[in-house]
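This report covers helix packing, backbone geometry and ligand surroundings, in that order. Please keep the structure in view while reading.

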Amino acid sequence: MKTFCGRANPTTGAMEWLEEDENYDYHQEIARSRYADMLHDKDRNVKYYQGIRAAVSRVKERGEKAIVLDIGTGTGLLSMMAASAGADFCYAVEVFKPMANAAVKIVEKNGFCDKIKVINKHSTEVTVGPDGDMQCRANILVTELFDTELIGEGALPTYEHAHKYLVQEGCEAVPHRARVYVQLVESKRMWSWNKLFPVHVEAEDGEKIIVSPSEMENCPGVPSVCDIQLNQMPSSDFTILSDVVTMFSVDFSKPVRSASTYYRVQLEPVKSGKAQIVLSWWDIDMDPSGMINCTMAPYWVKSTSAFQWRDHWMQCVYFLPNEEPVLQGEKVYLTACRDEYSVWYKLQKARGEEKNKADVRVESPVCRCQAHLLWNRPRFGELNDQNRTRQYIESLMKVLKTDSVCLCISDGSLLPVLAHYLGAKQVQYFFLCFFFFKFLKANHLEDKIKIIEARPELLTSSHLEDKKISVLVGEPFFTTSLLPWHNLYFWYARTAVTSHLTSNVTVLPESASLHMMIVEFQDLWRIRSPCGICEGFDVQTMDDMIKNSLNFRESKEAEPHPLWEYPCKSLSDPREVLTFDFRKTVPQHCLSTEGSVSLSRKGKSHGAVLWMEYHLAADISISTGLIKISNEKGNCEWNPHCKQAVYFFSSVIDSETLSDLPSAVTYAINFNTKTGEIAMDFQL
Ligand code: SAH
């Protein structure tokens with residue numbers, strides 16, 4: 001059997017459906033899964049184990065048999081904990097077939113076959129009764145179905161169903177309860193991920209300000225959660241406006257309701273400022289007493305001794321629909337609305353409380369301005385980065401002349417507007433359909449900038465009113481790009497429009513280069529590292545399964561990660577490995593390189609990071625990766641708006657001293673110009 005997988009083709013920018021081996025999907029899922037990260041999460045595992053032991057004892061003390069239902073068993077870990085804690089029987093339910101198979105093997109290997117029954121079903125399909133999947137209802141309910149937003153993986157409907165059909169009334173639940181916390185903050189940095197700030201352009205005829213359409217001002221944005229490693233956000237990047245308060249809690253031992261609802265809390269601002277952002281995280285109490293607590297609280301809330309790094313549970317950033325000035329001591333109401341799977345917030349002034357209550361609208365946020373559909377949050381941040389804009393302005397000023405005819409190829413770019421103000425008063429051309437006309441209208445440029453809704457290869461002279469393009473610009477940025485080099489689509493598009501360019505066309509950026517560096521991650525290595533033994537249980541079957549999935553493709557692939565969230569230190573100097581000359585067309589042959597980089601610092605070589613740099617014009621370059629190596633320890637600063645490519649080495653070289661280091665890592669990197677993909681191989 002074959003399956004079809006959607007992927008953007010980096011040479012055409014188009015979505016294509018590729019026929020893949022039937023196993024491809026699940027190998028991808030396992031290779032990129034969070035199972036390894038969860039198994040490395042010592043704090044989580046220890047607390048689950050404590051909570052499970054306590055629940056089993058409580059049931060035993062009542063003189064009952066301990067019958068456990070473990071929904072979403074994954075590796076079977078929590079069921080094995082329960083069986084070891086003395087549970088009489090465990091039903092381990094897992095919907096994902098490859099995982100259920102792995103759980104069977106792991107349970108067998110650890111000698112729990114007679115105590116644990118793995119059921120490969122979604123919990124809502126599980127039957128109870130003499131001929132059912134479960135002989136009887138369980139009196140202990142164990143699950144780990146939470147995401148960073150707590151409810152995003154469907155925990156509420158799963159619990160609602162389990163209480164109705166699968167567990168006894170008064171059952172013990174591990175975890176026992178969850179609490180969702182909120183804190184109101186002002187943060188220009190985070191707010192810049194959701195709104196477009198005015199852009200100031202010093203043009204020859206005075207300052208111009210690029211504004212966003214009014215629809216954007218009040219747009220609630222998109223409902224998808226913004227989950228980040230909040231612990232990487234320095235305290236100088238936000239101002240706390242309120243104390244931390246509990247927004248809502250869920251008692252998992254009682255019937256749970258998943259239907260949409262809202263919660264409201266009163267906040268007394270501790271500082272005056274602009275309320276823009278609600279930061280949120282949760283904790284879970286593993287037992288009713290609350291003694292066994294596992295928290296996602298960020299660094300300024302909890303003591304550092306309680307710190308556990310994890311990527312499967314982070315913190316949430318919610319954007320209020322509008323920024324709201326608040327005064328210290330003057331109460332405001334914060335409302336959390338939720339449906340089955342997601343949460344969103346609004347803030348109201350205390351006055352007119354009764355009216356406000358009636359006013360609570362429970363529909364989830366829908367972008368009305370289109371900008372939030374066009375630009376994701378990092379992209380908003382990038383467009384709001386004034387330094388970056390300044391570099392583009394400087395470069396455009398160097399290349400634009402009064403008679404330039406300009407074509408821009410980039411998704412949702414402001415470059416055509418900048419180019420219009422800075423250079424030719426000639427009509428500017430903008431290209432590709434991903435742009436919102438409203439934006440041009442808000443800036444009264446609808447007659448000045450022409451949007452051409454055509455793919456590059458279909459561009460005709462009539463689109464260009466028979467003019468030739470003298471300046472071709474791009475950022476480059478394309479919404480379909482996953483890995484840094486996918487933005488080389490700009491090069492393919494440039495190649496496709498060659499016949500419309502003047503013979504001495506200026507291309508901005510004139511070239512790009514691929515850079516590479518060997519790094520040691522502070523924590524990110526955990527997500528791809530084998531676990532072996534977890535809390536005394538042998539989970540190597542899972543390690544092997546992940547390894548097998550990673551090797552499913554002949555060559556391993558690099559994966560995108562926003563490295564500002566994942567500290568690492570450089571073990572080698574950064575190295576430019578390939579260059580791409582946009583002044584020329586894409587060559588027929590592949591571009592490949594081989595070489596070796598020497599390791600200049602001791603440490604664990606976890607992998608290589610790769611990123612692109614764009615050379616806009618003479619001596620103006622923009623890095624989408626490394627910004628600088630900040631100190632002698634090799635700590636790196638990364639572009640905060642971009643994801644970099646990370647290639648994890650299959651084995652890690654750990655060296656305490658420089659002399660035991662291999663002197664170098666050799667690499668082979670190949671850019672396949674036919675597919676737009678980069679294959680790489682490293683030897684340590
Ligand atoms: N319990 C394991 C794994 C947790 S990951 C551990 O703690 O290490 C959550 C797992 O639950 C995933 O494997 C997912 O496929 C599964 N899952 C989620 N909802 C489910 C449901 N309603 N029924 C069955 N499996 C579910």
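In this predicted model, helix α12, residues 386–399, and helix α13, residues 415–422, have axes that come within 10 Å and cross at roughly 45°. Angles from 35 to 65 degrees are neither roughly parallel nor roughly perpendicular, so α12 counts as oblique to α13. The crossing in which α12 passes α13 is right-handed.

A second helix pair is formed by α3, residues 42–61, and α4, residues 77–84; their axes come within 9 Å and cross at roughly 40°. That angle makes α3 oblique to α4. Here too the handedness can be stated: α3 and α4 cross in a right-handed manner.

The backbone has some features to note. Most peptide bonds are trans, and most residues other than glycine have a negative phi. The bond from Glu-475 to Pro-476 is cis, and its omega is near -20°. Pro-476 sits in the loop that runs between β23 (469–473) and α15 (489–496). Leu-508 and Pro-509 are likewise joined by a cis peptide bond, with omega about 0°. The loop that holds Pro-509 lies between β24 (501–508) and β25 (511–521).

Gln-370 is not a glycine, yet its phi is positive, about 75°. This residue belongs to the loop between α9 (353–359) and α10 (371–374).

Which residues are closest to the ligand? They are Tyr-35, Arg-44, Gly-72, Glu-94 and Ser-123, out of 18 residues that surround the ligand. By class, the shell around the ligand consists of eight nonpolar, six polar and four charged residues.

The table lists polar atom pairs between the ligand and the protein.

| Ligand atom | Protein partner | Distance |
|---|---|---|
| Oxygen | Glu-94, N or O atom in the side chain | 2.7 Å |
| Nitrogen | Ser-123, polar backbone atom | 2.9 Å |
| Nitrogen | Thr-73, polar backbone atom | 3.3 Å |

The protein covers 90% of the 580 Å² of accessible area that the ligand has on its own. Glu-94, listed among the closest residues, provides a side-chain N or O atom at 2.7 Å from a ligand oxygen. Ser-123 is also among the closest residues, and the partner of the ligand nitrogen there is a polar backbone atom. For Thr-73, the atom at 3.3 Å from a ligand nitrogen is likewise a polar backbone atom.

Methods: Residues are numbered from 1 along each chain as its sequence is written. This is a predicted model: local features need pLDDT of at least 70, side-chain atom pairs count only at pLDDT 80 or more; totals for chains, interfaces and linings use all residues. Side-chain values use heavy atoms; hydrogens and water are left out. A residue is near a molecule or strand if one of its heavy atoms lies within 4 Å of it. A polar contact is a pair of N or O atoms within 3.5 Å; within protein, one must be able to donate a hydrogen and the other to accept it, and residues adjacent in sequence count only if both atoms are side-chain atoms. Accessible areas come from the Shrake-Rupley method with a 1.4 Å probe; for residues, only the protein chains shown count as cover. Ala, Val, Leu, Ile, Met, Phe, Trp, Tyr, Cys and Pro count as nonpolar, Asp, Glu, Lys and Arg as charged, and the others, Gly among them, as polar. Axes are lines fitted to C-alpha atoms, for helices over the stretch in contact, and angles run from 0 to 180 degrees between N-to-C directions. Helices (H or I, at least four residues) and strands (E, at least two) are DSSP runs, numbered from the N terminus. Angles under 35 degrees count as roughly parallel, over 145 as roughly antiparallel, 65 to 115 as roughly perpendicular and the rest as oblique. A crossing is left-handed if the near helix is turned anticlockwise from the far one by less than a right angle, and right-handed if clockwise.
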